[in-house]
Amino acid sequence: MTNSTRRNKPNLIDKSLAFIETLGNKLPDPITLFFILCVAVILISAIAASFNVSVVNPSDNKTIAAVSLLTPEGIRKIFTEAVNNFTGFKPLGTVLVAMLGVGVAESTGLLSALLRQLVLIAPGRFICPVVVFAGVMGNIAADAGYVVLVPLGAVIFLAFRRHPLAGIAATFAGVSGGFSANLVINSLDPLLAGLSQSAAQLIEPSYQVNATANYYFMVVSTFLITLVGWFVTEKIIEPRLGSYNQDVEISMESLTSSERKGLLWAGLSFLLFAAFIVTLVLPPQGILRNPETLTIIPSPFIDSIVFIIALAFLIPGIVYGKVSRSIADDKDVAKALGDSMASMGYYIALAFISAQFIAYFSWSNLGLILAVNGANFLKATGFTGVPLMLMFIIVSMLINLFVGSASAKWAIMAPIFIPMFMLVGYSPELTQAAYRIGDSSTNIISPLMPYFPIVVAFGQKYDKNLKIGTLISLMLPYSVAFLLGWAILFIIWFILGLPLGPGVN
């Protein structure tokens, strides 16, 4: 018998999503999936070349023919370029560099303490939006957001005599449903930008996509997700859950004096670092400005944004660790750096195989052929503008139910959709923003999301009958509301032609 009055009988939505879960579980691991795609591209390239498949590129009127990768030349290229494909894979370096700083900040406890402090200082009537907002900001370091904030959300709601499952739902919605929203550039931004740039260069070899490509849109999205999450929690989720019979009093655990002192000094070190960067960028003759045009975009500042992100986490992380005594010396810092890279082992393996896929796709010209044919089809049907972008959001959303990794999906989709949309007049940055909406809004209802089972375990502490299906049905209102709210924001942004990020139209 549980402490909740919630009805546990699965409904039609539960059954439908359980069917999606069954189908999704049949898909192979992303690494295996990319291997299969590599083999498929090689075989399809040979078939397409044998049938002399070609198109005329509307941008320069040159013929683009399919190139077989099963010829002696193609096979030699597959073997000799494998290492270069991997080391030249832009997302690899950008993500690893960013994670060096984030990993240290997480290892020393800075991120955990910062997130706890954020939710602990909030007034009672605003605890829900603060929890959602903290979740959104917590996706800077996914592990900290899921492992620290989600269970903490339940404890906070209990402390305010509110249903703990509502606290879990609100925090989970912020961390995962708002995965692409944030007030700061995080490791996901350069990762997606690198994939977008590789895809865009299939059409324009010199095209650059910066990590800040969607920054303005994501900042506004942060507040949108917070407000929508607040509304859904208080108007839909808590009324549905009903009352919760609390057996014990829950006391909030404040930060220790050493943690508070560590946060203070970490904050000061961050401000000093920010001031240092400002002195390199703000003056008209700033070192990190473009030396020829003296502009900020493009400039060495934009080119070094990933390194700046790493330092912005690394320096305060070390300072916090020293002051709070979570680290003793340089050996601990070195270990934290090593641990952060060790945690990226799976990503490195995935990067290797996805880099090969992108290279094969480019060599074979299949991406260009698909893009040109797709663009010609769209032009012929007149299916452009808002309906086109909304359909793309829906496609991203549906794929996310079966493939959990944001980077894995975008590595597959970007080489097809970015060139296609570029040929009908839509920028890679706009296509990337649309993708992020569909990808993020359905994270919270996808059982294939790695942290989904962990959230189920957190919820079972307060309701032993909680299952995956019931958690999905609990999170579905957030998913629908996020998708609708984000789509409306995107339409407004699109119609008004607002810049998605610095220097992006």
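**Figure 1. Asn365, a buried residue in the loop between H16 and H17**. In this predicted model, Asn365 counts as buried because its relative accessibility is 18%, under the 20% cut-off. The loop that holds Asn365 runs between helix H16 (345-364) and helix H17 (366-381). Take a look at the backbone here: phi of Asn365 is near 70°, a positive value in a residue other than glycine. For context, most residues other than glycine have a negative phi.

**Figure 2. Asn52, an exposed residue with a positive phi**. Asn52 is not a glycine, yet its phi is positive, at about 55°. You will find Asn52 in the loop between H2 and strand E1 (54-56). With a relative accessible area of 64%, Asn52 is exposed, whereas Asn365 of the previous view is buried.

**Figure 3. Ala66 and the residues it touches**. Ala66 sits in the loop between E2 and H3 and is buried, since its relative accessible area is 11%. Setting aside residues up to four places away in sequence, Ala66 touches Ala48, Ala49 and Val53, and also Ser364, Asn365 and Ile369. Asn365 will be familiar from the opening view, where its positive phi was pointed out. Ser50 lies 16 residues from Ala66 along the chain, and the C-alpha atoms of the two are separated by 8.7 Å.

**Figure 4. A nonpolar patch on the surface**. Seven names are worth locating here: Phe35, Ile36, Val39, Leu43, Leu70, Ile75 and Phe79, which together have about 680 Å² of accessible area. Helix H2 (30-50) and helix H3 (72-80) are the elements that give two or more residues to the patch, and the largest share, 4 residues, comes from H2. Leu70 belongs to the loop between strand E2 (63-65) and H3. Leu70 counts as partly exposed because its relative accessibility is 44%.

**Figure 5. Ile327 in the loop between H14 and H15**. Helix H14 (305-324) and helix H15 (330-342) flank the loop that carries Ile327. Ile327 counts as buried, as its relative accessibility is 9%. Its contacts, leaving aside neighbours within four places in sequence, are Thr108, Ile318, Gly321, Lys322, Asp332 and Val333. Do pause at Thr108: this residue and Ile327 are 219 residues apart in sequence, but their C-alpha atoms are 6.7 Å apart in space.

**Figure 6. Met475 in the largest nonpolar core**. This core has 149 residues, and those touching the most other members are Phe217, Tyr360, Trp410, Phe421, Met475, Tyr478 and Phe490. Helix H22 (residues 468-496) supplies the largest share of the core, 13 residues. Beyond its neighbours within four places in sequence, Met475 is in contact with Ala169, Phe172 and Ala173, as well as Ile444 and Ile445.

**Figure 7. Cys38 and Cys128, two buried cysteines**. Cys38 counts as buried because its relative accessible area is 5%, and Cys128 is likewise buried, at 0% relative accessibility. There is no disulfide to look for, as the structure holds 0 of them.

**Figure 8. The chain around these close-ups.** To place the views in context, the protein chain has 22 helices and 2 strands. Of its 505 residues, 54% are buried. The accessible surface comes to about 22,100 Å², with 68% belonging to carbon and sulfur atoms. Among contacts between residues at least 6 apart in sequence, 80% join residues at least 24 apart.

Conventions: Residues numbered from 1 in each chain as written. Predicted model: local features only at pLDDT ≥ 70, side-chain atom pairs only at ≥ 80, totals over all residues. Heavy atoms only, no water. Core = buried A, V, L, I, M, F, W, Y, C linked by side-chain atoms within 4.5 Å. Buried < 20%, exposed > 50% of the residue type's maximum accessible area, 1.4 Å probe, protein only. Contact = heavy atoms within 4.5 Å. Patch = residues over 30% accessible without salt bridge, like charges linked within 9 Å, V, L, I, M, F, W, Y side chains within 5 Å. Areas by Shrake-Rupley, 256 points an atom, 1.4 Å probe, with all protein chains shown as cover. Salt bridge = Lys/Arg side-chain N within 4 Å of Asp/Glu carboxyl O. Disulfide = S-S within 2.5 Å.
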